[in-house]
Each structure stands twice: as structure tokens, then as C-alpha cells.
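Hi,

Here is the structure I promised to pass on. Have a look first, and my notes on its charged side chains follow below.

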Amino acid sequence: MSSVEGPNHLQRKVSNLLTILEEDGEQVMRSLGHIGGKVTRSLDTALTSYHRLDCCTDSDIKKTYQEVSQELEVMEEQITIICATISSLPASGEDTVEDIWEEKPDLSSSSNYLLKKVARKMNSIKREEVMVQLNLNMLQNNVRKIVSKANDAVNVLNVSELGMLQDYTVSRELGSMDIEITMLRGK
């Protein structure tokens with residue numbers, strides 16, 4: 001191989017690494033969007049269940065409570081599994097969920113107790129949903145930063161006359177970023 005072929009070969013290799021990195025980044029972003037959508041749908045379903053109980057009369061609450069409580073358990077379990085999957089991330093944001101329960105004077109104390117119990121579970125689900133969405137946004141921002149840094153590294157390679165050592169450094173940096181994307185994809 002002549003010295004003229006070396007840099008061109010390395011530039012093609014770096015360009016291929018960038019293309020792979022960008023494709024992996026897009027795949028991670030789609031996956032994170034899918035997870036966020038699933039969490040949002042779970043919260044919407046949980047809110048629908050809660051509102052179904054909230055609209056009951058005193059006699060209906062006792063009948064509907066078991067069904068709604070079980071539905072909320074399933075939603076909470078799904079969101080908890082997603083939380084556990086991304087639990088290595090630091091908790092971000094503050095508790096922005098407000099209490100949605102208010103005692104109803106026209107209901108008995110036992111019905112109000114059941115309604116309050118379901119409202120607490122609903123608040124727990126909402127808090128977890130907020131945390132998951134914040135963490136998903138943070139992951140998406142990290143992927144964007146990694147892909148941007150990779151683009152910058154390739155632009156440096158393409159714009160200036162670099163020696164073999166600098167080419168190697170850019171290639172190594174792209175490899176490092178590819179590993180970061182792969183680790184994010186594995187979560």
C-alpha cells in the first residue's frame with residue numbers, strides 16, 4: 001500500500017464508522033421514543049381507570065375498587081420495570097406530581113378510604129412516569145451529544161491535513177463513541 005492510499009483508506013474507514021454510529025444513534029432514539037410512548041400510554045390507561053372509580057356512587061365504589069386497583073397494579077408494575085431498567089441513571093427533577101384526591105362528602109368513609117388508596121397509587125404511578133420521561137430525555141440528549149461529537153471529529157479529519165497519529169485519534173474517538181451508543185442500546 002502506498003502512502004497516498006493510507007489516508008484515503010483511513011478516511012473511508014472513519015466515514016463508515018460515523019455512518020454506523022449515526023445509524024445506531026437513530027436506533028437508540030427510536031427505542032427511547034417507543035419506551036416513552038409506552039409509559040405515556042400506561043399513565044393514560046391508569047388515569048382512565050382512576051377516573052372510572054372517581055365517578056362512582058357510594059354503592060358502586062366497592063364493586064369497582066377491586067377491578068380498578070388491579071388495573072393500576074398492572075400499570076404500576078409496567079412502569080416500575082421500565083424504571084428498574086434505567087435505574088442506573090441518577091434521579092432528576094423534583095417531585096412535580098400534585099395530589100389528585102379530594103374527599104367526597106356524599107360518600108361513606110369506607111368509600112372515601114378506597115378512593116384515597118387508589119389516588120395514592122395513581123400519584124405513585126405519575127411520579128414514576130415523570131422520572132422515566134426525564135431520564136429518557138436525558139438519554140436522548142446524551143445520544144445527540146455523542147453523535148454530534150462524532151460528526152465534529154470526522155469534520156476535523158476531512159477539513160484539515162492530518163498526520164497518521166491524528167487520524168488514529170479521530171478513529172479511536174469514534175470507536176469510543178460507538179461503544180457508548182452500544183451500551184445505551186443495551187439498557
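E71 comes out as partly exposed, with a relative accessible area of 23% (buried means under 20%, exposed over 50%, partly exposed in between, using a 1.4 Å probe and protein chains only). Bear in mind that this is a predicted model: local features need pLDDT of at least 70, side-chain atom pairs count only at pLDDT 80 or more, and totals for chains, interfaces and linings use all residues. Residues are numbered from 1 along each chain as its sequence is written, and side-chain values use heavy atoms, with hydrogens and water left out.

E71 makes a salt bridge with R52 at 3.2 Å, N to O (a side-chain nitrogen of Lys or Arg within 4 Å of a carboxyl oxygen of Asp or Glu). That pair links helix 2, where E71 sits, to helix 1, home of R52, 19 residues apart (helices are DSSP runs of H or I, at least four residues, numbered from the N terminus). R52 also bridges to E67, with the closest N and O atoms 2.9 Å apart. Shared partners thus put R52, E67 and E71 in one network.

Then there's K121, which forms a salt bridge with E73, closest N and O atoms 2.2 Å apart. K121 is in helix 3 and E73 in helix 2, so this pair ties together parts 48 residues apart in sequence. K121 is buried at 16%, while E73 is partly exposed at 38%.

The odd one is E128, also in helix 3: it is buried yet has no salt bridge, and the nearest side chain of opposite charge, R127, is 7.9 Å away (Lys and Arg count as positive, Asp and Glu as negative; His and the chain ends are not counted).

Cheers

Technical notes
Helices (H or I, at least four residues) and strands (E, at least two) are DSSP runs, numbered from the N terminus.
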